[in-house]
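Trainee: I am new to this structure and would like a close look at a single part of it. Please pick one residue to start from and walk me outward through its surroundings.

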Amino acid sequence: DDTKLQSLSKYARYFDFARLKADLIGLYSSQMVRDECKSPRQLLSFLAQNDLMQTVPEATKLLQLVLTIPAKRGSIERSFSALKRLKTYNRNRTDKDDF
């Protein structure tokens, strides 16, 4: 779908969109890919195991980008918030063993 490809416009300098579209059409025309690859990680693994990463370079770059960008920024922020609470707790703790 061209509208989905256009949503990647902020990454335009990294992709050849015509080639990316061709790569994705080629991949998803395969019944084996549609049956076996239910996530980006599975698709990238499938490409690596079958030595196809060089065959579909734009799709490979897209998959690597998708797997690199955190899905939810909030989960990262919550992790740092939790880390801050742990540090505060440890600083304020006054056990006899600490002296």
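**Around L62**

Mentor: Let's begin with L62, which lies in helix 5. Please keep in mind throughout that this is a predicted model. L62 counts as buried because its relative accessibility is 14%, and buried means under 20%. Leaving aside neighbours within four places in sequence, L62 is in contact with L8, F15, L20 and L24. Take L20 from that list: L62 and L20 are 42 residues apart along the chain, yet their C-alpha atoms are separated by 8.3 Å.

Before following those partners, here is the wider setting. The protein has six helices and zero strands, so reading from the N terminus the order of elements is α-α-α-α-α-α. Of its 99 residues, 18% are buried, and L62 is one of the residues that count as buried. Pairs that are distant in sequence also matter for the whole chain: among contacts between residues at least 6 apart in sequence, 44% join residues at least 24 apart.

Now to the helix pair around L62. Two packed helices are described by the angle between their axes and the distance between the axes. For helix 2 and helix 5, the axes come within 7 Å and cross at roughly 90°. That angle is why the two helices are described as roughly perpendicular to each other. On the helix 2 side, the contact is made by R19, L20, D23, L24 and L27, while helix 5 brings P57, E58, A59 and L62. By type, the residues of this contact divide into six nonpolar, no polar and three charged. L20 and L24 of helix 2 belong to this contact, and both are also among the partners of L62.

Another residue of this contact is P57, which also has its place in helix 5. P57 counts as partly exposed because its relative accessibility is 27%, whereas L62 is buried. Apart from neighbours within four places in sequence, P57 is in contact with R19 and D23. P57 and R19 are 38 residues apart along the chain, and their C-alpha atoms are separated by 8.6 Å.

Which residues line the second largest pocket? They are L24, Y28, C37, S39, P40, L43, A59, L62, L63 and V66, so our starting residue is one of them. Helix 2 (17–28), helix 4 and helix 5 (57–68) are the elements that each give two or more residues to this lining. The largest share, four residues, comes from helix 5. Rolling a probe the size of a water molecule over the atoms shows where empty space is left. The second largest pocket has a volume of about 170 Å³. As for the character of its lining, nine residues are nonpolar, one is polar and none is charged.

From the helix 4 side, a good residue to visit is P40, which is part of that lining. P40 is found in helix 4, residues 40–49. With a relative accessibility of 34%, P40 counts as partly exposed. Setting aside neighbours within four places in sequence, P40 is in contact with L63, V66 and L67. Of these partners, L63 and V66 are also listed in the pocket lining. P40 can be compared with Q64 along the chain too: they are 24 residues apart, with C-alpha atoms separated by 8.5 Å.

What lies between helix 4 and helix 5? There is a loop, and D51 has its place there. D51 is exposed, with a relative accessible area of 67%. D51 also has a positive phi of about 55°, although it is not a glycine.

One more stop takes us to helix 3, residues 31–36, where R34 is found. R34 is partly exposed, its relative accessible area being 34%. Beyond neighbours within four places in sequence, R34 is in contact with Y28 and S29. Y28 is a name you have met already, as one of the residues lining the second largest pocket.

To retrace the path, L62 is buried, takes part in the contact between helix 2 and helix 5, and helps to line the second largest pocket. L24 shares both of those roles, appearing in the helix contact and in the pocket lining. A59 does as well, with a place in the contact and in the lining.

Key: Residues are numbered from 1 along each chain as its sequence is written. This is a predicted model: local features need pLDDT of at least 70, side-chain atom pairs count only at pLDDT 80 or more; totals for chains, interfaces and linings use all residues. Side-chain values use heavy atoms; hydrogens and water are left out. Buried means under 20% relative accessible area, exposed over 50%, partly exposed in between (1.4 Å probe, protein chains only). Contact means heavy atoms within 4.5 Å. On a 1 Å grid over the protein atoms alone, a cavity is a set of points where a 1.4 Å probe fits but cannot get out, and a pocket is an open set with protein on both sides within 12 Å along at least five of seven lines; lining residues have an atom within 4 Å of a point. Grid points are joined across faces, edges and corners, and a volume is the space filled by probe spheres set on the points. Ala, Val, Leu, Ile, Met, Phe, Trp, Tyr, Cys and Pro count as nonpolar, Asp, Glu, Lys and Arg as charged, and the others, Gly among them, as polar. Axes are lines fitted to C-alpha atoms, for helices over the stretch in contact, and angles run from 0 to 180 degrees between N-to-C directions. Angles under 35 degrees count as roughly parallel, over 145 as roughly antiparallel, 65 to 115 as roughly perpendicular and the rest as oblique.
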